Amino acid sequence: MVPDIHAVAARPVVSVVVPAYNEADVLPEFHRRLASVLDAVDGACEMIYVDDGSTDSSLGVMHDIASRDARAVVVALSRNFGKEAAMTAGLEHASGEAVIVIDADLQDPPEEIPAMLAQWREGADMVLMQRSSRAGESWFKQWTARRFYRVMDRLGEIDVPGDVGDFRLLSRRAVDAVRQLRERTRFMKGLYSWVGFRQVILRYERDARHAGETKWNYWRLWNFAIEGITSFSTAPLKIASYAGFAVAFGAFLFGAKVLLKTMFFGDPVQGFTTLVTVVLFLGGVQLMALGVIGEYLGRVFVEVKRRPLYIIESVRRGPGD
């Protein structure tokens, strides 16, 4: 059961959710810049720092921040559940009328928050921050990111805007809608798009990481892409079916050719290489189809166990709370 944390006396106007994993080197500077921005915001604000089972001193840094800033809330998860779960925990503890999700690595500048709030006050339920540049990222990572969004656009059942990450603003009703989605395999960008509501896109320059190293290697990005596609599209299953029909039809034609050749021209022993190639090809297609089915079956297996999305070890609020 999600804790009801909205029954507070004075609901903040703005909540900022900051999921972090091993970001001790950058958290002090991030908080300094974020606090400076929120100081100029009209109305009460809160900062929800979510420690996703960090193995460095990130949690201690967060506790130090909370001891000095009454607006800070530290939610510590019992282990590393992954960024999607950490963001979910932050959204479920955010009580603001507008909720902003931002990474702690300072690639997404907190100074863009006033522009996001201006769009929210004009009626937008979601303000999506679209990268016009991706400083500090290799050309290969940028190319694969573009290809992923193109594939999602073609195969997905919902529209996931390209070059839009987790840096975004959600209205209270949008957050409440996302909170109702309890699936275990979570592709948050897809969930945000699925709930709908009025969306506005703002472009910004993405900076290089301020300190530390990215936690997203190519293997994790590959698995993340598979989760995104299989979470919001059944197209891979259809492709496997179409491939099976195509191969079966080709095999039928080939069999007819062999039969006719035998009937009219005899059947000298030959074609061993062709036979091996065909067998290997058919075996590969079958394994590919089984792999696609396995991806979806694995997600069903995870869902039916109904385990919680995350487990909280502790929640610490700033002085005076």
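**Exercise 1. A salt bridge inside one helix**

What separates R68 and D64 in helix 2? Work out where the pair sits and how its two members are exposed.

*Solution.* This is a predicted model, and the steps below read from it.
- Step 1: locate the residues. R68 and D64 both belong to helix 2 (residues 58-68), and because they are four residues apart there, about one helical turn separates them.
- Step 2: check the distance. The closest N and O atoms of R68 and D64 are 3.0 Å apart, and the two form a salt bridge.
- Step 3: look at accessibility. R68 has a relative accessible area of 56%, so R68 is exposed. D64, at 39%, is partly exposed.

**Exercise 2. How far to trust the model**

Find where the confidence in the protein is lowest and where it is highest.

*Solution.*
- Step 1: start with the overall figures. The mean pLDDT is 76, and 67% of the residues reach 70 or more.
- Step 2: go to the extremes. Helix 8 (residues 218-231) has the lowest confidence, with a mean of 61, while strand 2 (residues 45-51) has the highest, at 91.
- Step 3: inspect the start of the chain. Residues 1-9 have a pLDDT below 50. Beyond near neighbours in sequence, this stretch makes 16 contacts in the model.

**Exercise 3. The overall build**

How many helices and strands does the protein have? Add its burial, contacts and surface to the picture.

*Solution.*
- Step 1: count the elements. There are 10 helices and eight strands.
- Step 2: take burial. Of the 321 residues in the protein, 46% are buried.
- Step 3: turn to contacts. Among contacts with a separation of 6 or more, 85% come from residues 24 or more positions apart.
- Step 4: finish with the surface. The protein exposes about 16,700 Å², and 60% of that area is supplied by carbon and sulfur atoms.

**Exercise 4. Strand 6 and what follows**

Why is strand 6 described as largely enclosed by the rest of the structure? Follow the chain onward from there through helix 6 and helix 7.

*Solution.*
- Step 1: count buried residues in the strand. In strand 6 (residues 164-171), eight of the eight residues are buried, so the strand is largely enclosed by the rest of the structure.
- Step 2: find a pairing partner. Strand 4 (residues 98-101) runs antiparallel to strand 6, and four bridges join them. One bridge pairs A98 with S171 of strand 6.
- Step 3: move on to helix 6 (residues 172-179). Six of its eight residues are buried, which leaves this helix mostly covered. The buried residues in helix 6 are R172, A174, V175, A177, V178 and R179.
- Step 4: do the same for helix 7. This helix is also mostly covered, with seven of its eight residues buried. In helix 7 the buried set consists of M188, K189, G190, L191, Y192, S193 and V195.
- Step 5: look just past the end of helix 7. There G196 takes a positive phi of about 80°.

**Exercise 5. Salt bridges between distant parts of the chain**

Which parts of the chain does the pair R33 and E111 tie together? Repeat the analysis for E92 and R182.

*Solution.*
- Step 1: set the scene. The protein has 10 salt bridges.
- Step 2: take R33 and E111. These two form a salt bridge whose closest N and O atoms are 2.8 Å apart. R33 lies in helix 1 (residues 27-39) and E111 in the loop between strand 4 and helix 4 (113-121), so the pair ties together parts that are 78 residues apart in sequence.
- Step 3: compare accessibility with the 20% limit for burial. R33, at 18%, counts as buried, whereas E111, at 42%, is partly exposed.
- Step 4: take E92 and R182. Their salt bridge has its closest N and O atoms 2.2 Å apart. E92 is in helix 3 (residues 83-93) and R182 in the loop between helix 6 and helix 7, 90 residues apart.
- Step 5: check these two residues as well. E92 is buried at 1% relative accessible area, and R182 is partly exposed at 26%.
- Step 6: look for shared partners. D39, D69 and R71 are joined into one network by salt bridges that share partners.

**Exercise 6. A nonpolar patch**

Which residues make the nonpolar surface patch of about 620 Å²?

*Solution.*
- Step 1: list the members. The patch is made by L287, L290, I293, L297, V300 and V304.
- Step 2: place one of them. V300 lies in helix 10 (residues 272-305).
- Step 3: classify that residue. With 47% relative accessibility, V300 counts as partly exposed.

How values were computed. Residues are numbered from 1 along each chain as its sequence is written. This is a predicted model: local features need pLDDT of at least 70, side-chain atom pairs count only at pLDDT 80 or more; totals for chains, interfaces and linings use all residues. Side-chain values use heavy atoms; hydrogens and water are left out. Buried means under 20% relative accessible area, exposed over 50%, partly exposed in between (1.4 Å probe, protein chains only). Helices (H or I, at least four residues) and strands (E, at least two) are DSSP runs, numbered from the N terminus. pLDDT is the predictor's confidence in each residue, from 0 to 100. Contact means heavy atoms within 4.5 Å. Accessible areas come from the Shrake-Rupley method with a 1.4 Å probe; for residues, only the protein chains shown count as cover. Two strands pair if DSSP finds at least two bridges between them. Patches are made of residues with over 30% relative accessible area and no salt bridge: like charges are joined within 9 Å, nonpolar side chains (Val, Leu, Ile, Met, Phe, Trp, Tyr) within 5 Å. A salt bridge is a side-chain nitrogen of Lys or Arg within 4 Å of a carboxyl oxygen of Asp or Glu.
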